[in-house]
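What follows is a walk through one protein chain, taken sheet by sheet and then residue by residue. Please keep the structure open beside the text.

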Amino acid sequence: MSLTSLALIENWPVPSAAAGVVRADGTVLGTHGPVGRRFPLASVTKPLTAYAALVAYEEGAVELDEPAGPPGATVRHLLAHTSGLAFDEHRVTAPPGDRRLYSNAGFEQLGDHIAKATDIPFAEYLRQAVLEPLGMTATSLEGSPAKDGVSSVEDLLRFAAEVQAPRLLDTRTVAAAMSVQYPGTKGVLPGYGHQNPNDWGLGFEIRDAKSPHWTGASSSPRTFGHFGQSGTFLWIDPEAGAAAVALTDRAFGPWAAEAWPVFTDAVLGEVRGSGPAR
C-alpha cells in the first residue's frame with residue numbers, strides 16, 4: 001500500500017517537505033519527499049525529550065511527582081505545561097497546576113533536572129535512552145530540550161512506531177503520557193488561541209475537542225502529538241492505528257493552518273480504507 005495522499009505536500013508553499021505514515025507494527029504505509037533529510041524540529045523536539053524523561057522515570061532516576069522546576073512544581077507539572085513558568089523565560093507567572101502555560105523554559109528545566117539526576121548531559125541521555133535504541137541515527141539535540149532537535153522523517157517514523165507499540169517503556173507509562181494531566185485546565189495553544197480545556201498529556205498535546213486545531217476534522221479525539229514553529233508535526237491517532245510525520249523548511253503560519261488539516265483528513269481517509277484522496 002502506498003498512500004497517494006502524501007503527495008499533497010507537493011502543493012504546500014514551502015521550499016522542501018517530506019512526510020510519512022507508519023502503523024503501530026512499524027509498517028510504513030507510505031513516504032514522500034526527502035525522508036532522509038535532516039530538518040530542524042522546533043517543538044517537535046518536546047515529545048522526544050518527554051520520552052527520555054519517561055525512560056528516566058522507569059529507570060528510577062526521577063519520580064513524576066518529585067519537586068522539579070519552580071517552587072511547588074514537579075516533573076509532571078513540567079511535562080504537562082502546568083509548572084507556571086513563562087513561555088520562553090525562566091520566571092514564574094502562575095502557581096503550579098493553575099493554568100496550562102505552554103513553556104519552553106519548563107522543558108529546559110526538565111532537561112536540567114534529568115541531567116542532574118542521571119549525571120549525564122541531557123542531549124547524551126536522550127541519545128542513549130531513546131535515539132540509539134530506536135536506530136535514530138539522523139537525530140540529535142543541538143541545544144534546548146524544548147526546541148533544538150534535528151531529525152528526519154525516517155527517524156521520526158521509527159519513534160512514532162515506538163510510541164504506538166512501546167518497547168523502551170511499559171505500555172502503562174505511555175498510556176499515561178497520552179492521557180490528560182490536570183483535567184479541565186485552560187490555556188493557550190500556540191498559534192490557535194485560548195482553549196478551554198487545553199488538554200495535554202506528558203509531553204504530548206491531546207486533540208480532544210479543540211477547535212481550531214492543526215490536525216484534521218476526522219482526527220479522533222484521542223489523537224495526540226505535537227507541531228513545531230519550523231513547520232513540522234507528528235500526530236498519532238490510536239483509533240486509526242497510524243501516525244503521520246511531516247517536516248518542512250518554512251516557519252509555521254497561515255499556510256500550515258490551512259494545509260495541515262486537509263492533508264491529515266486525506267491521509268486518514270486512505271488509512272481507514274475510504275479510498276485515495278481526490
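An unreviewed UniProt entry lists residues 14–258 as "domain: Beta-lactamase-related". In this predicted model, the C-alpha atoms at the two ends of residues 14–258 are 13 Å apart, and the span is 28% helix and 19% strand.

One place to begin is the open sheet of 6 strands, whose order is β2-β1-β11-β10-β9-β8 with antiparallel pairing. The edges are taken by β2 (28–32) and β8 (205–206); each has a single partner strand, so one side of each has no neighbour in the sheet. In general terms, strands of a sheet pair through backbone hydrogen bonds, in either a parallel or an antiparallel sense.

Inside this sheet, strand β1 (residues 17–23) is joined to strand β11 (residues 242–248) by 7 bridges, and the two run antiparallel. Within that pairing, Gly20 stands opposite Val245 of β11. On its way along the sheet order, β11 also pairs with β10 in the antiparallel sense, over 5 bridges. Here Ile236 has Ala243 in β11 as its bridge partner. The hairpin of β10 and β11 has 4 residues between the strands, and Gly241 in this hairpin takes a positive phi near 70°.

On the other side of the order, β9 is joined to β10 by 5 bridges, again running antiparallel. His226 stands opposite Leu234 in β10. The hairpin of β9 and β10 has 3 residues between the strands, and there Gly231 takes a positive phi near 85°.

How many residues of β10 are buried? The count is 6 of its 6 residues, and the strand is mostly covered. In a regular strand, side chains alternate between the two faces of the sheet. In β10, Thr232, Leu234 and Ile236 point one way, while Phe233, Trp235 and Asp237 point the other way, and all are buried.

Two helices lie across the sheet. Helix α5 (residues 153–164) lies across β1, β2, β9 (224–228), β10 (232–237) and β11, and runs at about 25° to β1. Helix α7 (residues 254–271) lies across β1, β2, β9, β10 and β11, running at about 35° to β10.

A further open sheet has 3 strands in the order β3-β5-β4, with antiparallel pairing. Its edge strands are β3 (39–42) and β4 (140–141), each of which pairs on one side only. Between β4 and strand β5 (residues 149–151) there are 2 bridges, and these strands run antiparallel. Ser140 has Val150 of β5 as its bridge partner.

The loop between β3 and α1 holds Ser43. Is Ser43 buried or exposed? Its relative accessible area is 7%, so Ser43 counts as buried, the cut-off being under 20%. Leaving out residues up to four places away in sequence, Ser43 touches Tyr102, Asn104, Ala146, Lys147, His226, Phe227, Gly228 and Gln229. One of these contacts, His226, is the residue that stands opposite Leu234 in β10. Ser43 and Ala161 are 118 residues apart in sequence, and their C-alpha atoms are 19 Å apart in space.

After that loop comes the helix pair. Helix α1 (residues 45–58) packs with helix α3 (residues 104–118) at an angle of about 35°, the axes being 11 Å apart. The crossing of α1 past α3 is left-handed. On the α1 side the contact is made by Lys46, Thr49, Ala50, Ala53 and Ala56, and on the α3 side by Asn104, Phe107, Leu110 and Ile114. The residues of this contact divide into 6 nonpolar, 2 polar and 1 charged. Asn104 of α3 thus takes part in the helix contact and is also touched by Ser43.

The last stop is Gln181, in the loop between α6 (171–177) and β6 (187–189). With 8% relative accessibility, Gln181 counts as buried. Which residues does Gln181 contact, leaving aside its neighbours within four places in sequence? They are Arg76, Ala80, Arg100, Ala176, Trp200, Gly201 and Leu202. For one of them, Ala80, the C-alpha atom is separated from that of Gln181 by 6.4 Å, although the two residues are 101 residues apart along the chain.

Technical notes
Residues numbered from 1 in each chain as written. Predicted model: local features only at pLDDT ≥ 70, side-chain atom pairs only at ≥ 80, totals over all residues. Heavy atoms only, no water. Pairing = 2+ DSSP bridges. Axes fitted to C-alpha atoms, helices over the stretch in contact; angles between N-to-C directions. Left-handed = near helix turned anticlockwise from the far one by under 90°. Contact = heavy atoms within 4.5 Å. Nonpolar A, V, L, I, M, F, W, Y, C, P; charged D, E, K, R; others polar. UniProt positions renumbered as here; feature names shortened; annotations may be inferred. Buried < 20%, exposed > 50% of the residue type's maximum accessible area, 1.4 Å probe, protein only.
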